[in-house]
Protein chains: 2
Amino acid sequence: MNAEIISVGTELVLGQVTNTNAPLLAQKLATLDIEAPYQVTVMDDAQQIGAAIKTAQQRAELIFVCGGLGPTTDDVTITSTATALGVPLATDEQHWAWIKETFKQRQIEMPTENIQQARYLGGGVALANPVGLALGSWYDHAGQVVVVLPGPPAEFKAMVNQSLMPRLQARYGQGRQIVSRTLNFLGRPESQLMDEIEEATKQFSSMTVTSYVQPSQIQVRINVYDLPQPAATKLLDQVTAAILAVERPFYFGTGDQCSLAQVVVEQLTKQQQTITGAESLTGGLFQSTLCSVPGASNVFAGGFVTYAARAKEQLIGVDQSIIDQYGVVSSQTAAQMAEKSREKLDADFGVSFTGVAGPDALEGQPAGTVWLGLAQRNQPVQTKELHLAAYIGRQAIRNLSVQYGLQMVYQALQR
Amino acid sequence: MNAEIISVGTELVLGQVTNTNAPLLAQKLATLDIEAPYQVTVMDDAQQIGAAIKTAQQRAELIFVCGGLGPTTDDVTITSTATALGVPLATDEQHWAWIKETFKQRQIEMPTENIQQARYLGGGVALANPVGLALGSWYDHAGQVVVVLPGPPAEFKAMVNQSLMPRLQARYGQGRQIVSRTLNFLGRPESQLMDEIEEATKQFSSMTVTSYVQPSQIQVRINVYDLPQPAATKLLDQVTAAILAVERPFYFGTGDQCSLAQVVVEQLTKQQQTITGAESLTGGLFQSTLCSVPGASNVFAGGFVTYAARAKEQLIGVDQSIIDQYGVVSSQTAAQMAEKSREKLDADFGVSFTGVAGPDALEGQPAGTVWLGLAQRNQPVQTKELHLAAYIGRQAIRNLSVQYGLQMVYQALQR
C-alpha cells in the first residue's frame, strides 16, 4: 500500500535545514511493508499545505503531514490540515492544562498562542508527544488515514516510535518478516571486520549481515528473513556465535542503542568498582560520556581536566621532569596521569588521555597521535598509543579517543 | 530542471539507518533552483542499482548515486554505475598512493579491496573527499550528468559542500536569488522571540524571517528575495538592526555555524582572559565544549569534574558545612565551586554547574533544576538558577546547562 509524506517547513524548502524526519518515517514504514513513493516538501503556507493534502488524497491511503506545530504564527499546519479535510479542531484540555503547568513550573510567561499545541483533528485522536509540547493527530476516515506530527527531530522520532508505530502496526498488520540483531564492535577497520565476518558466516542462508559505521562504533546487523519463531532466533544465535568466535576481542555489546559507556558503567556497577579520569586532549569528554549514563554516580565521583602541562603538574602531580624528558604526548605522561588521578580519588580505575587533537601538530607528533593510560588498583599501569587518521578532524579524534579509553576499561573488566 | 537522487544501502531500505543525505542534497539543489522530485532507495545490489540508473536516465538531467563506496565486498556502487553507463573504471593513482600512505601512518594493514576507493567513472572526473577515503565521480555526457558520492554522512556533507556545489554552480548557474543571514539567540522561548521579531520587522518587505530551534540555540534566518546587491545586504543590515534593537540581550553571534563556545573562546582570547570550570551534573561537558574550539589552550588550562559531594570538598575545597546546610543543588554550593576552582587555577573566570540532570529528583528538586555559578577576578560571584523542562531529558538538560553557563561568561565579557 502507498503512503505519502508531506514535510512542512520554509527552512526545508530553502535548503537551510536537513529533513531527517521524512527518511526516518519512510524507513519505519518499510518495516511494515508500507511504501512511501511520494514525498513532498512545502513551505509554512496554508494554501500549499492544503493543496499538497488534496493531491495526496488522490493517490495514497496513508498521509503524513509533518512539521509546523510550533506555537508561532508561522506554524499553520494543524489549522490548514483541518481546513483541507473539512473537520473542526479539537482541544485536549488535559494536555492544555499540562502545558500551562509546565510554563508555570519553569517560571516563564506563556504566550496564549501555545494553546495551538494542545489541538488535534476533530473526529480523530490526539497522539502523545513524549518529549515536547505539541500533540500529534491520527484521523481515520473512509479508509484513509491522515497523521499530523511535529517537526523537531527529537520529538518526531520519539512520537513515531512511541505513539505512531504501535498504532500503524495495529491498523496495517505485518509486512515481510524480518528479524534483526545488532552487534557492536570497536577497534577493527570495517573492511577487515566484514571480510572476516563474511568468511565466518558463509554457511548460513536466509540471512544477510550488513555493517554501519558510527562515529563511536561499527554496528553489524544480522537480518533473518521470513523464518517463523523460534527458528529465526535460533539462526540469529548461531550467526552471532560464529561471528564472536572470530571477533570477540572487538565486541562490546548487543543492540541498536548499545553504547560502550553504558556497558562500562553497568559492568563497573556490577563489579562494585569505581573510576576516575585525567583528560588532556579530550578536555572532559570521557568523564562527561560516563555521566551521560543514568546511574554513573555509583561508579564515578569526579576527576580532572588537565589541558595545559602546568595543570597536569598542579592538579594531579605529574612530575615536571617526566614532561620535560618525554613530552606531554608520551606513554610516561599518560601513565602518571592515570595512576596519580586514580590515587587522588582512591578509585579502582584511572583513565588518562593525552595527545594531539589537531589541526596543528604538537611536539612534532601529527594530529591523531594519542596516548591512553589505564591504572588499576594493584595492577601495573597500561598505556596504549593510537594513530588516528588526521583527516577525520578534531572532534572525531577526541570522540574516538574516548571510545578507545572506554574499551581499555571494558577489556580490563572482562579479565 | 529535474534531478534524481538514488540512495544505495541495504540498511536504508530496511529502515535501520536514517537517510540524511538525500534531503541534504535535495535542499542544496533547491538553492540552485534544481528540483529533485524523484528520490529512490535501493539495496547494495548491482542489478537494482543498474535498473534505478536506467529509469533515472529517462526522466532526469542530473542523476545522483549516493552510498556504497566503502571497501567491503557489499559495496558495489561504483562498478554497477560504470556498467549501467557503459564506461570503464579509472583509478586515481595519486589518491591510491595517499590511501596506502594513510594506512601505513596508522600502522594498520590495508586490505587490497581498498583500491576500490580510488576508482571513479572513466571519461569523467574524480571528486575529492575532504574527510574520507572514497573518491566521488562526476560524469558529464550528452547533456546528462551522473554524480557518484559516498554514503557516510560526514563525508557526504563535506563533499557536497566542497567538491560538488561549486561544480553544480558552474554547470547550472543561479536559480532564484536568495540572500540569507542567520542570527543566533539563547535564553528566550521561541514563540516569544518570534512574536517580538515579527513586530519589529513588519515594516520591511521582500524578506521573510524564519526560526529554527537547535539543541544549543535558536537560529533566526533573515531571507531576502530577488534584490540585487548592494540593496540585498543593505536590507539584511536594516532588518538585523531592527531585531537587535529588541533582542540584543539574547543574541550571541551571526552565521549558520556560529556556536556560543566559539564566540566565548574568541572573546576571552581577545581580552587575554582565562577560564576554568567545576562541573557536577554536566560531568566535564562544559570544559569539553570549550576544548572543541581550536585555540582553546590560549584561555583554558584545566579544571574539575566534581560529580559526588565528596569530590566537591576534596578537589576544590567546597566547605562541607555549606553542602550540609544548603545541599549540593544550591546557589551557595554553585558560588563556592566557581570561586574556589577559579582561585585554584588562578583563572580570570570560574564557571560551575550543579543540579539535577534526571531522570530522578535530587534533594527534593525536580530534574531540570540547575544552579550556575560565575566567579570573576575582583568581582562578586554571580549565581543563576535554571528551571529546565524535565521532559526534554537528561542529555538536553546537561547540554542546555552548558550553553547557559557559556552565556553568563559571554555577558560578563560584554560588560
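1. Two strands count as paired if DSSP finds at least two bridges between them. In this predicted model, strand E16 of chain A (residues 369-376) is joined to E17(A) by six bridges, and the two run antiparallel. One of the pairs within this ladder is Leu374(A), whose bridge partner in E17(A) is Gln382(A).

2. These strands belong to an open sheet of 10 strands with mixed pairing. Its order is E17(A)-E16(A)-E15(A)-E13(A)-E14(A)-E14(B)-E13(B)-E15(B)-E16(B)-E17(B), so the sheet takes in strands of chain A and of chain B. From one strand to the next the twist averages 15°.

3. Which strands stand at the edges of the sheet? They are E17 (382-387) of chain A and E17 (382-387) of chain B. Each has a single partner strand, and therefore one side of each is left without a neighbour in the sheet.

4. Two helices of chain B lie across strands of this sheet. Helix H11 (residues 309-316) of chain B lies across E14 (302-306) of chain A as well as E13 (275-279) and E14 (302-306) of chain B, and runs at about 150° to E14(B). Helix H13 (residues 331-345) of chain B lies across E13, E14, E15 (349-355), E16 (369-376) and E17 of chain B, at about 145° to E15(B).

5. Chain A is divided into domain 1 (2-172), domain 2 (178-254) and domain 3 (260-414). The C-alpha centres of domains 2 and 3 of chain A lie 30 Å apart. Seven residues of domain 2 of chain A are in contact with seven of domain 3 of chain A. On the domain 2 side, that contact has three nonpolar, four polar and no charged residues.

Technical notes
Residues are numbered from 1 along each chain as its sequence is written. Chains are lettered from A and ligands numbered from 1 in the order in which they are written. This is a predicted model: local features need pLDDT of at least 70, side-chain atom pairs count only at pLDDT 80 or more; totals for chains, interfaces and linings use all residues. Domain bounds come from an automatic or database domain assignment. Ala, Val, Leu, Ile, Met, Phe, Trp, Tyr, Cys and Pro count as nonpolar, Asp, Glu, Lys and Arg as charged, and the others, Gly among them, as polar. Helices (H or I, at least four residues) and strands (E, at least two) are DSSP runs, numbered from the N terminus. Axes are lines fitted to C-alpha atoms, for helices over the stretch in contact, and angles run from 0 to 180 degrees between N-to-C directions.
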